[in-house]
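Open your viewer and keep the selection tool at hand. We will go from stop to stop.

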Amino acid sequence: MRRRDGSIRRRTIALTLAITGAIAAACAGSDTESVQIPPFGDAPTATTDRDDETAVDASPTSTTDPTTTTSTTTTLPATTTSTTTTTTTLPPTTTSTTTTTTTVDIPPPTGPPPCPPTGRPVWEIRPPSDLPAPPLPDDWTTEEIGISGAGRQIIGLVRRVPDATRQVMVIGGIHGNEPAGPPSARAMVDADIPDDTELWLIPDLNPDGTLAGPRCNGSGVDLNRNFSWDWRPSTGGPGPLSEPEPQAITALIERERPDLVVWIHQPLDYVSAVGQTPDVYESAWSFGSGLPIRPDVTQHGGGESWTWFEAGIPSILVEIDGWDATQEIVDAQVRGLEAVLRVVQPLASSVRQPAGQ
């Protein structure tokens with residue numbers, strides 16, 4: 001049994017050696033190709049000694065073993081990295097500068113410029129009064145005394161008396177945002193007027209301002225600072241009497257030379273005789289209207305001050321209480337006029353100031 005086992009072992013060893021030799025001889029006669037090992041995961045790897053254009057399929061032969069042994073080399077697909085570069089050619093940038101001049105016709109402002117925006121009530125915009133004007137009585141006529149800066153008529157209402165011994169003039173609407181002045185002056189056509197008295201009413205000296213609602217006229221000038229007495233450039237516009245409205249009323253006053261001129265304003269609640277105007281006039285208006293008396297008021301560039309200090313004609317300043325324009329306020333001013341008409345006297349040489357003094 002041992003001899004047989006040894007014989008078998010010897011034959012097994014010999015067979016193993018023969019196979020090993022045959023394999024060695026076959027490998028010695030074949031071309032060898034490097035095989036790329038697939039990378040782990042998705043990580044890229046480089047290919048070594050590999051011609052991407054030729055696949056190798058070698059069939060080695062053995063000189064010691066008549067048996068043809070075919071050796072197959074597995075060629076794994078090469079990792080091919082393809083980079084595509086796209087070049088976009090943009091057209092050259094052309095900068096074209098074209099200058100176009102367009103002329104735009106801007107329409108002129110339709111209303112007066114604002115007065116100084118100080119925030120005080122005196123500068124606020126207010127609409128005109130909607131109180132109806134009474135019909136003009138038969139013994140009254142109208143007269144254009146001037147034209148406003150915007151081309152509106154400044155109208156005077158006059159009750160002519162052929163043999164009048166006294167003449168009184170009442171002016172309202174100097175400031176466009178004082179709505180009680182125009183209806184008060186218009187309503188005076190129905191006042192109780194003595195037969196020998198001629199009466200002039202100018203309800204609206206500043207029609208442009210009254211229509212739009214600011215204090216100033218259509219040029220933005222405060223008319224009661226534009227008169228020539230103590231005129232000041234800080235508040236009086238481009239120059240003394242530069243505005244057509246003060247020009248018109250001063251020309252009328254100089255032409256007619258009334259015995260008394262009444263200027264209606266608001267809202268300061270008083271009546272004052274200006275300069276050396278007889279105090280009886282302020283007392284009478286106060287009695288009729290209920291307004292308190294404030295003596296000796298003057299205003300630089302003001303119409304009421306110009307009337308006395310330059311034209312030499314008695315003048316009173318009426319300041320209605322508050323900013324309203326009610327029928328009660330209007331009726332009170334009519335009563336004030338009726339009271340003063342009873343006391344006004346024709347100017348005597350001892351009272352009248354020479355013009356220009």
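**Stop 1: a pair of valines.** Select Val170, then look across to strand 5: Val262 stands opposite Val170 there. Keep in mind that this model is predicted.

Now show strand 3 and strand 5 whole. The two pair in the parallel sense, over four bridges. Strands of a sheet pair through backbone hydrogen bonds, either parallel or antiparallel.

Go back to Val170 and show its contacts. Leaving aside residues up to four places away in sequence, Val170 touches Met188, Leu199, Trp200, Leu201, Ile202, Val262, Ile264 and Leu337.

**Stop 2: the sheet.** Select the strands. In what order do the seven strands of the open sheet lie? The order is 1-2-4-3-5-7-6, and the pairing is mixed. Find the edges next: strand 1 (141-147) and strand 6 each pair on one side only. On average, neighbouring strands are turned by 20° against each other, direction ignored.

Add helix 4, residues 244-256. Helix 4 packs on the sheet and touches strand 1, strand 2 (153-159), strand 3, strand 4 and strand 5. Its direction makes about 170° with that of strand 3.

**Stop 3: the nonpolar core.** Select Val170, Trp285, Ile316 and Leu337. These have the most contacts inside the largest nonpolar core, which has 33 residues. Several elements each supply at least two residues of this core, including strand 3 (166-171), strand 7 (315-321) and helix 5 (279-289). Which helix gives the largest share? Helix 7 does, with seven residues.

Another core, of 20 residues, lies apart from this one. To find that second core, select Ile171, Trp200, Ile202 and Ala311, which are among its residues.

**Stop 4: two helices crossing.** Show helix 5 and helix 7 together. They pack at an angle of about 140°, with their axes 7 Å apart. That angle makes helix 5 oblique to helix 7. The crossing of helix 5 and helix 7 is right-handed.

Zoom in on where they meet. From helix 5, pick out Tyr281, Ala284, Trp285, Gly288 and Ser289. From helix 7, add Ala332, Gln333, Arg335, Gly336, Leu337, Ala339 and Val340.

**Stop 5: a serine.** Select Ser184, found in helix 2 (residues 181-187). Is Ser184 buried or exposed? Its relative accessible area is 0%, so Ser184 is buried. Now show its contacts. Not counting residues up to four places away in sequence, Ser184 touches Ile264, Ile320, Val330, Gln333 and Val334. Keep Gln333 selected: helix 7 holds this residue, and Gln333 was also in the meeting of helix 5 and helix 7.

Technical notes
Residues numbered from 1 in each chain as written. Predicted model: local features only at pLDDT ≥ 70, side-chain atom pairs only at ≥ 80, totals over all residues. Heavy atoms only, no water. Buried < 20%, exposed > 50% of the residue type's maximum accessible area, 1.4 Å probe, protein only. Contact = heavy atoms within 4.5 Å. Core = buried A, V, L, I, M, F, W, Y, C linked by side-chain atoms within 4.5 Å. Pairing = 2+ DSSP bridges. Axes fitted to C-alpha atoms, helices over the stretch in contact; angles between N-to-C directions. Parallel < 35°, antiparallel > 145°, perpendicular 65-115°, else oblique. Left-handed = near helix turned anticlockwise from the far one by under 90°.
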